[in-house]
Amino acid sequence: MIYYIGITHDHRLEKGDFLSNIDLAKYRWFWVDFSEPTEAEVEHLASTFHFHPLAIEDCVQDLQRPKLDYFNHYTFFVTHTLREEKGELIKEELDFFVGETFIVTFHKQPSIEVTKVWNELIGLSFPEQWDPYYVFYEILDKIVDNYFPIIYKMEDELEKLIIEQTGIQPMNELMEIRNMLLQLLHSVNPMRDLLYRMLNSHHLNLNQIEERKEYFSNIHDHLLKLSEKVMTNREVTADIRDSYISLNAHQTNNVMKLLTIITSIFAPLTFIAGIYGMNFENIPELSWKYGYFITLLMMFFIGVSMLIWFKRKGWF
């Protein structure tokens with residue numbers, strides 16, 4: 001569906017379903033939301049608003065990298081919304097066409113952020129304080145705010161894994177968290193760069209940006225904090241992984257050391273048993289009355305002597 005909100009020149013708010021015969025010129029500014037649009041509704045981007053074909057192509061294609069493009073009378077923004085569902089990170093695209101007198105939002109899935117700001121604007125008694133860039137700021141702020149619960153939950157899971165950093169199952173969970181952190185990083189860093197370009201761009205030297213520069217700067221600060229948190233947590237996952245590998249290697253070395261000691265002790269004993277197990281007739285010791293007990297005593301003495309020697313060497 002396509003919905004619109006229009007603020008008239010006398011500061012009245014009008015809303016409804018978007019129709020091609022609506023006179024948008026009568027509004028001081030307006031907001032049109034393309035929510036899960038059909039192919040026919042997507043055509044309005046070109047036929048009604050005359051947006052650039054490349055920008056429309058970016059809207060139609062799935063999950064473009066967060067970015068901004070400058071055009072004659074508007075700026076095109078690609079952003080990412082994130083949510084966690086059943087242990088998986090769901091990434092969705094939310095696009096903006098922002099001009100001095102309009103904002104057009106485009107999303108293929110329902111957007112919680114757009115719905116919240118839409119309802120907030122409708123509920124205002126004095127909407128004259130809003131404008132397209134303030135709507136853009138409000139949605140962008142909610143997008144970034146929704147990143148924080150995701151990273152906080154990952155940090156809680158990492159704390160549990162630090163306590164239980166042995167075993168196959170915790171390591172599988174660790175790799176899943178590490179993969180989610182990488183996905184989060186692929187959205188946070190481009191969004192951070194997008195805000196940086198906005199704050200330092202000469203192309204966006206508009207009144208709406210200059211008046212609310214501190215607001216967008218605050219979002220940029222949040223994205224910097226998020227980026228640092230993601231990188232820090234990725235380092236933590238790398239440390240846990242390395243500790244797990246080192247611990248496994250240490251345990252394996254201890255097992256191999258024990259097996260080597262046992263093998264070393266039984267090597268001379270096996271040699272002695274092998275000699276007296278041969279079926280030659282002329283083995284002098286075979287006729288000794290106490291040969292069997294002497295051989296066992298000698299084998300016991302060799303084994304104990306080797307154990308004492310290994311102990312003094314610090315092998316175990």
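Twelve salt bridges turn up in this structure, which is a predicted model. Here are three of them, with the gap between the closest side-chain N and O atoms.

| Pair | N to O distance | Source |
|---|---|---|
| Arg12 and Asp10 | 3.0 Å | salt bridge |
| Glu92 and Arg83 | 2.9 Å | salt bridge |
| Lys142 and Glu120 | 3.7 Å | salt bridge |

Let's take the pairs in turn. Arg12 is partly exposed, with a relative accessible area of 43%, and its partner Asp10 is partly exposed too, at 47%. With Glu92 and Arg83, the picture is mixed: Glu92 is buried at 12% relative accessible area, while Arg83 is partly exposed at 32%. The pair of Lys142 and Glu120 is mixed as well. Lys142 counts as buried, with 18% relative accessibility, because the cut-off for buried is under 20%. Glu120, on the other hand, is partly exposed at 34%.

Some of these contacts hang together. Asp10, Arg12, Glu14 and Lys26 are joined into one network by salt bridges that share partners.

What do Lys142 and Glu120 tie together? Lys142 sits in helix H5 (residues 132–145) and Glu120 in helix H4, so their salt bridge links parts that are 22 residues apart in sequence.

Helix H4 is worth a look of its own. Running over residues 112–122, H4 has Glu113, Val114, Val117, Trp118 and Leu121 as buried residues. Look down the axis of H4 and the buried residues fall within an arc of 130°, so they line one face of the helix. There is a general reason for this kind of spacing: an α-helix has 3.6 residues a turn, so residues three or four places apart point the same way.

Helix H3 (residues 53–60) can be read in a similar manner. Its buried residues are Ala55, Ile56, Asp58 and Cys59. These cover an arc of only 155° around the axis, which puts them on the same side of H3. Pro53 and Leu54 are exposed on the other side of H3. And what covers the buried residues of H3? The cover includes helix H2 (44–47), along with strand E4 (67–70), strand E5 (75–85), strand E6 (88–98) and strand E7 (102–107).

Now for the surface. Val255, Met256, Leu258, Leu259, Ile262 and Phe266 make a nonpolar surface patch of about 570 Å². One of them, Met256, has its place in helix H9 (residues 213–276), and Met256 counts as partly exposed at 46% relative accessibility.

Finally, step back to the whole protein chain. Its secondary structure comes to ten helices and seven strands. The chain's radius of gyration is 36 Å, well over the 20 Å that the globule rule gives for 316 residues, so the chain is more spread out than a compact globule. Along its principal axes, the C-alpha trace spans about 125 × 40 × 35 Å.

How much of the chain is buried? Buried residues make up 42% of the 316 residues. As for contacts with a separation of 6 or more, 64% are accounted for by residues 24 or more positions apart. On the outside, the chain exposes about 18,200 Å², and carbon and sulfur atoms supply 56% of that area.

Conventions:
Residues are numbered from 1 along each chain as its sequence is written. This is a predicted model: local features need pLDDT of at least 70, side-chain atom pairs count only at pLDDT 80 or more; totals for chains, interfaces and linings use all residues. Side-chain values use heavy atoms; hydrogens and water are left out. Buried means under 20% relative accessible area, exposed over 50%, partly exposed in between (1.4 Å probe, protein chains only). Helices (H or I, at least four residues) and strands (E, at least two) are DSSP runs, numbered from the N terminus. The arc is that of the directions from the helix axis to the C-beta atoms. A salt bridge is a side-chain nitrogen of Lys or Arg within 4 Å of a carboxyl oxygen of Asp or Glu. Patches are made of residues with over 30% relative accessible area and no salt bridge: like charges are joined within 9 Å, nonpolar side chains (Val, Leu, Ile, Met, Phe, Trp, Tyr) within 5 Å. Accessible areas come from the Shrake-Rupley method with a 1.4 Å probe; for residues, only the protein chains shown count as cover. The radius of gyration is taken over C-alpha atoms; the globule rule is 2.2 Å times the number of residues to the power 0.38. Contact means heavy atoms within 4.5 Å.
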